[in-house]
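Open the model in your viewer and keep the selection tool at hand. Each stop below says what to pick and what is there.

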Amino acid sequence: MIRALLVGALCVAPIAQAASPNAAELYRRHCFICHQAGGTGAVMLAKRLQKGTSPLLDQRRDLQAPYVQAVARQGIGTMPRFTRIELPDAELGMIADWLAAGPDGRR
């Protein structure tokens, strides 16, 4: 009986890990709809940014994780804020770290 429970627990652990989303998936789920090419967020950023700076967040190399977190929590311009219920701190942290790594720092 104990052996069966142990084997069952070992079999479930990898499934639980595989089910948790990675940062890229979280970005696609929460941010990409507005921050893809032609999306409202990208269009609005293009108007505010210096020439040569990409309005596509996932292509930028100048984002810092604390800034991404602050903007997501407080909102900015036409971007609404995300509550901790809509986007838990742990998930926001993963997205912010992923964006801050830049396209060259991601796997």
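Contact, on this tour, means heavy atoms within 4.5 Å. With that cut-off, select Ala-100. Leaving aside its neighbours within four places in sequence, Ala-100 is in contact with Leu-63, Gln-64 and Ala-65. Ala-100 is found in helix H6. Is Ala-100 buried or partly exposed? It counts as partly exposed, because its relative accessibility is 31% and buried means under 20%. Now add Tyr-67. The C-alpha atoms of Ala-100 and Tyr-67 are separated by 9.3 Å, with their positions 33 residues apart along the chain.

**The whole chain**

Zoom out. This is a predicted model. The protein chain has 6 helices and 0 strands, so colouring by secondary structure shows the run α-α-α-α-α-α from the N terminus on. Of its 107 residues, 30% count as buried. Look at the contacts with a separation of 6 or more: residues 24 or more positions apart account for 49% of them.

**Along H6**

Select H6, residues 89-105. Go to Leu-99. A kink of about 45° lies there, shortly before the proline Pro-103. Next, pick out the buried residues of this helix: Glu-91, Leu-92, Gly-93, Ile-95, Ala-96, Trp-98, Leu-99 and Gly-102. What covers them includes helix H2 (23-30) and H5.

Stop at Gly-93, which lies in H6. Gly-93 is buried, with a relative accessible area of 12%. Then show Gln-69. Gly-93 and Gln-69 are 24 residues apart in sequence, yet 7.0 Å apart in space, C-alpha to C-alpha.

Move to Trp-98. Which residues does Trp-98 touch, not counting those up to four places away in sequence? They are Ala-23, Ala-24, Tyr-27, Asp-58 and Arg-106.

**Across to H2**

Select His-30, in helix H2. His-30 counts as buried because its relative accessibility is 16%. Not counting residues up to four places away in sequence, His-30 touches Phe-82, Glu-86, Leu-87, Glu-91 and Ile-95. Two of these partners, Glu-91 and Ile-95, are among the buried residues of H6.

**The nonpolar core**

In soluble globular proteins, nonpolar side chains tend to be buried together. Here, the largest nonpolar core has 18 residues. Show the ones with the most contacts inside it: Tyr-27, Leu-57, Ile-95, Trp-98 and Leu-99. H2, H5 and H6 each supply at least two residues of this core. Which helix gives the most? H6 does, with 5 residues. Leu-99 is therefore worth a second look: this core residue is also where the kink lies.

**The largest pocket**

Last stop. Turn on the surface and find the largest pocket, with about 580 Å³ of space. Of the 28 residues that line it, the closest to its centre are His-35, Leu-57, Val-71, Ile-76 and Met-79. Leu-57 is also on the list of core residues with the most contacts.

Colour the lining by helix. H3 (32-35), H4 (40-48), H5 (65-74) and H6 (89-105) each supply at least two residues. The largest share, 5 residues, comes from H4. Now colour the lining by class. How many of its residues are nonpolar, polar and charged? The counts are 20 nonpolar, 6 polar and 2 charged.

Note on methods: Residues numbered from 1 in each chain as written. Predicted model: local features only at pLDDT ≥ 70, side-chain atom pairs only at ≥ 80, totals over all residues. Heavy atoms only, no water. 1 Å grid on protein atoms, 1.4 Å probe; cavity = no way out; pocket = protein on both sides within 12 Å on 5 of 7 lines; lining within 4 Å. Points joined across faces, edges and corners; volume = space filled by probe spheres on them. Helix = DSSP H or I, 4+ residues; strand = E, 2+ residues; numbered from the N terminus. Nonpolar A, V, L, I, M, F, W, Y, C, P; charged D, E, K, R; others polar. Bend = angle between axes of the 7 residues up to and from the residue. Buried < 20%, exposed > 50% of the residue type's maximum accessible area, 1.4 Å probe, protein only. Core = buried A, V, L, I, M, F, W, Y, C linked by side-chain atoms within 4.5 Å.
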